[in-house]
Amino acid sequence: MHPEAESGAGFSPGPVLLIGPPGVGKGTQAKVLMQLYGIPQISTGDLLRSNRDQHTELGKTAETLMSQGKLVPDDLVNQMVAERLAASDCAHGYILDGFPRTLAQADWLDSFLLQTASQPLAVLNLVVDHDVLLKRITGRRISPAGRIYNIYTQPPRVAGVCDFDGSTLTQRTDDTEPAFEKRMREFTEKTGPAIEHYRISGRFAQIDGMASIDDVSGNLRACLHRLREAR
Ligand code: AMP
């Protein structure tokens with residue numbers, strides 16, 4: 001691997017997009033890159049869940065759509081992202097996770113980046129087989145502190161209880177099989193065109209997300225460094 005990709009030292013990642021279907025590992029990998037490069041993860045799903053939990057107007061609008069696996073309207077999400085990206089911790093780069101999810105969001109982001117970013121967006125597209133995604137999503141359990149388990153592949157020592165702090169694990173309301181299938185249809189119909197937009201026009205790399213977490217993150221880092229070196 002590129003020596004800088006090992007440590008993250010002396011490397012300016014700029015704006016990075018992790019894109020792929022639900023359960024592909026965007027959140028997990030975003031956290032690895034965040035630690036390595038010291039830049040924030042901007043997850044629109046997390047931002048919307050936090051709005052929902054705080055009962056904001058946006059949260060109330062988003063709640064039903066999210067639990068049904070449907071997308072929240074573009075203009076609401078774009079506005080939320082614009083506000084988040086204006087914060088000072090985004091000055092040296094950030095990892096977008098779950099945004100853009102439609103071509104209209106991608107177009108909006110293109111113009112936003114033209115005005116604000118010193119580097120072009122680096123797009124890392126993760127891919128995983130459908131049946132593996134289904135197991136990852138329906139088996140996912142989360143602790144209040146955000147620790148993620150999977151009842152099939154990474155179960156806690158005691159069922160339903162976090163190994164670290166003994167808290168109760170819960171399942172996201174949209175991690176059921178019907179909501180997953182709806183999310184996959186939304187992904188294919190709406191996010192697919194956004195991925196094609198980046199494949200033909202941007203700094204784009206596709207990475208196999210079926211390997212171990214460490215191998216996937218090594219490949220992501222190597223691709224990111226290659227994309228940043230390209231003229
Ligand atoms: P996630 O945590 O990324 O799986 O997102 C959970 C849910 O939040 C999605 O199924 C959508 O309902 C909503 N959501 C997250 N990001 C977006 C986005 N960029 N555009 C529209 N809806 C979104």
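How many residues of the shell around the ligand are nonpolar, how many polar and how many charged?

This is a predicted model: local features need pLDDT of at least 70, side-chain atom pairs count only at pLDDT 80 or more, and totals for chains, interfaces and linings use all residues. Residues are numbered from 1 along each chain as its sequence is written, and side-chain values use heavy atoms, without hydrogens and water.

**Exercise 1. Sort the shell.**

Step 1. Collect residues with a heavy atom within 4 Å of the ligand. There are 16, and the closest are Thr 44, Lys 70, Gly 98, Arg 101 and Gln 105.

Step 2. Classify them. Six are nonpolar, four polar and six charged. Here Asp, Glu, Lys and Arg count as charged, and Gly counts as polar.

Step 3. Find the main contributor. Helix H3 (residues 44-53) gives the largest share, four residues. Helices are DSSP runs (H or I, at least four residues).

**Exercise 2. List polar contacts of the ligand (N or O pairs within 3.5 Å).**

Step 1. Take the ligand nitrogens. A backbone N or O atom of Gly 98 lies 2.9 Å from one nitrogen atom. A side-chain N or O atom of Arg 101 is 2.9 Å from a ligand nitrogen.

Step 2. Take oxygen. A ligand oxygen is 3.0 Å from a side-chain N or O atom of Arg 172.

Step 3. Check the cover. The ligand alone has 480 Å² of accessible area (Shrake-Rupley, 1.4 Å probe). The protein covers 96% of that area.

**Exercise 3. Examine the cysteines Cys 90 and Cys 162.**

Step 1. Search for disulfides (cysteine sulfur atoms within 2.5 Å). The whole structure has zero.

Step 2. Apply the burial cut-off (under 20% relative accessible area, 1.4 Å probe, protein chains only). Cys 90 is buried because its relative accessibility is 5%. Cys 162 is at 3%, so Cys 162 is buried.

Key. A polar contact is a pair of N or O atoms within 3.5 Å; within protein, one must be able to donate a hydrogen and the other to accept it, and residues adjacent in sequence count only if both atoms are side-chain atoms. Helices (H or I, at least four residues) and strands (E, at least two) are DSSP runs, numbered from the N terminus. Buried means under 20% relative accessible area, exposed over 50%, partly exposed in between (1.4 Å probe, protein chains only).
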